Amino acid sequence: MQIAKRSARSRQIRVKTIAIYLTVIVITAVMLMPFAWMLSASLKLSRDVFVFPIEWIPSEPRWQNYIDIWSKIPLALFIYNTSKLTVMVTSLQLLTSSFAAYAFAKLDFPYKNTLFLGYIATIAMPWQVYMVPQFLLMREFGLNNTHLALICLQAFTAFGVFLMRQFYMSIPTELCEAARIDGMNEYQIWAKIMLPLSKPALSTLTIFTFVTTWNDFLGPMIYLTKTELKTIQIGLRMFISQYSAEYGLIMAASVVALIPVLIVFLSLQRFFVEGVASSGLKG
């Protein structure tokens with residue numbers, strides 16, 4: 001009787017496991033399908049992109065698309081502009097977020113919790129609500145049509161402060177107190193103790209910031225009008241004319257634009273899950 005119950009339980013466990021794996025496989029396939037279609041479309045002529053049924057593996061791949069994208073538009077310049085903005089914004093956000101988070105997590109000062117709550121509450125406000133005042137402010141500063149405008153506006157992030165602060169809360173305060181007894185000031189504690197211990201959270205913030213800045217479309221579209229300043233997301237629109245769109249070239253350029261994001265994510269993904277989990281457990 002007990003053997004029959006055990007076999008029935010093990011059978012149920014196997015069925016549940018198989019169902020979970022099948023669900024995960026189906027969801028993964030659905031999520032990867034648009035990327036597979038983009039890769040397939042990048043090797044086709046524009047007139048063949050929307051042919052149905054979809055020819056997932058083109059019978060005559062058009063590799064010329066990956067050559068034409070560099071001559072049709074100044075793609076190399078757009079990639080350079082996007083890389084410059086992304087690296088600078090990501091570096092500044094890591095610096096400002098980790099620095100402010102240390103103060104909110106490990107220092108005592110008047111109205112600390114109130115200030116933190118007010119700062120974090122700005123996450124709930126969509127950027128579209130205050131993008132017009134921001135634009136007018138940047139124009140008054142003479143920063144319109146410059147990369148510096150985008151860098152200044154994105155150098156600070158409430159989400160980054162929240163993420164880093166939650167991670168710092170999980171680090172024992174005794175470490176900071178011992179460092180103060182040894183004569184270290186707050187800047188040294190932050191630089192020599194907190195930052196080395198916060199690699200998972202820093203990696204998570206790096207991925208979020210890099211992807212967001214690299215894929216930003218609305219910000220560059222508002223602030224940048226000169227061709228030599230445009231980013232790759234704005235540059236892709238140059239393949240779309242008044243009467244037609246070169247979808248094969250758009251998809252090829254999109255594949256090229258996706259490569260840096262994949263490189264950053266794959267290089268930091270081993271810290272990603274650990275950073276998200278540890279930043280969300282304690283507060």
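Start with the cysteines of this predicted model. The count of disulfides comes to zero. Cys152 is partly exposed, because its relative accessibility is 36%. Cys176 has a relative accessible area of 0%, so it is buried.

Turn next to helix α6, which covers residues 147–154. Its buried residues are His147, Ala149, Leu150, Ile151 and Gln154. An α-helix has 3.6 residues a turn, so residues three or four places apart point the same way. The buried residues of α6 pack against four helices: α3 (75–106), α5 (127–140), α10 (199–214) and α11 (218–223).

Just before α6 comes a backbone feature. Asn145 is found in the loop between α5 and α6. Its phi is positive, about 65 degrees, although Asn145 is not a glycine. Most residues other than glycine have a negative phi, and most peptide bonds are trans. Asn145 is buried, because its relative accessible area is 16% and the cut-off for buried is under 20%.

Tyr111 also has a positive phi, near 60 degrees, and is a residue other than glycine. Look for Tyr111 in the loop between α3 and α4 (112–121). With a relative accessible area of 65%, Tyr111 is exposed.

The loop between α1 (2–41) and α2 (65–72) holds Phe52. Pro53 has its place in the loop between α1 and α2 as well. The peptide bond that joins Phe52 and Pro53 is cis, with omega about 0 degrees. Phe52 counts as exposed, because its relative accessibility is 74% and exposed means over 50%. Phe52 also helps to make a nonpolar surface patch of about 580 Å². The other members of this patch are Met33, Ile54, Trp56 and Ile57.

Now the charged side chains. Side chains of opposite charge can pair when their charged atoms come close. The count here is four salt bridges. One of them joins Arg62 and Asp68, at 3.5 Å from N to O. Its two partners differ in cover: Arg62 is partly exposed at 28% relative accessible area, whereas Asp68 counts as buried at 15%.

Glu246 and Lys72 also meet in a salt bridge, at 3.9 Å from N to O. Glu246 lies in the loop between α12 (232–235) and α13 (247–281), and Lys72 lies in helix α2, so this pair ties together parts that are 174 residues apart in sequence. Glu246 counts as partly exposed, because its relative accessibility is 30%.

Arg180 and Glu186 form a further salt bridge. Their closest N and O atoms are 2.7 Å apart. Arg180 is partly exposed, with a relative accessible area of 29%. Glu186 is partly exposed too, at 26% relative accessibility.

The aromatic rings come next. The structure holds 10 aromatic pairs. Among them is the pair of Phe104 and Phe109, which is tilted. The ring centres of Phe104 and Phe109 are 6.1 Å apart, with 50 degrees between the planes. Phe104 is buried, with a relative accessible area of 12%. Phe109 is partly exposed, with a relative accessible area of 30%.

Phe135 and Tyr223 make another pair. Their ring centres are 5.7 Å apart and their planes stand at 50 degrees, so the pair is tilted. This pair links distant parts of the chain: Phe135 sits in helix α5 and Tyr223 in helix α11, 88 residues apart. Both α5 and α11 are helices that the buried residues of α6 pack against. Tyr223 is buried at 1% relative accessible area, while Phe135 is partly exposed at 21%. Elsewhere, ring pairs link Trp37, Phe50 and Tyr247 into a cluster.

Finish with Leu77, in helix α3. Leu77 is partly exposed, because its relative accessible area is 32%. Which residues does Leu77 contact, leaving aside its neighbours within four places in sequence? They are Thr227 and Glu228. Met38 is 39 residues from Leu77 in sequence. In space, Leu77 and Met38 are 23 Å apart, C-alpha to C-alpha.

How values were computed
Residues are numbered from 1 along each chain as its sequence is written. This is a predicted model: local features need pLDDT of at least 70, side-chain atom pairs count only at pLDDT 80 or more; totals for chains, interfaces and linings use all residues. Side-chain values use heavy atoms; hydrogens and water are left out. Buried means under 20% relative accessible area, exposed over 50%, partly exposed in between (1.4 Å probe, protein chains only). Helices (H or I, at least four residues) and strands (E, at least two) are DSSP runs, numbered from the N terminus. Contact means heavy atoms within 4.5 Å. A disulfide is a pair of cysteine sulfur atoms within 2.5 Å. Patches are made of residues with over 30% relative accessible area and no salt bridge: like charges are joined within 9 Å, nonpolar side chains (Val, Leu, Ile, Met, Phe, Trp, Tyr) within 5 Å. Accessible areas come from the Shrake-Rupley method with a 1.4 Å probe; for residues, only the protein chains shown count as cover. A salt bridge is a side-chain nitrogen of Lys or Arg within 4 Å of a carboxyl oxygen of Asp or Glu. Rings of Phe, Tyr and Trp (its six-membered ring) pair if their centres lie within 6.5 Å; planes under 30 degrees apart count as stacked, over 60 as edge-to-face and the rest as tilted.
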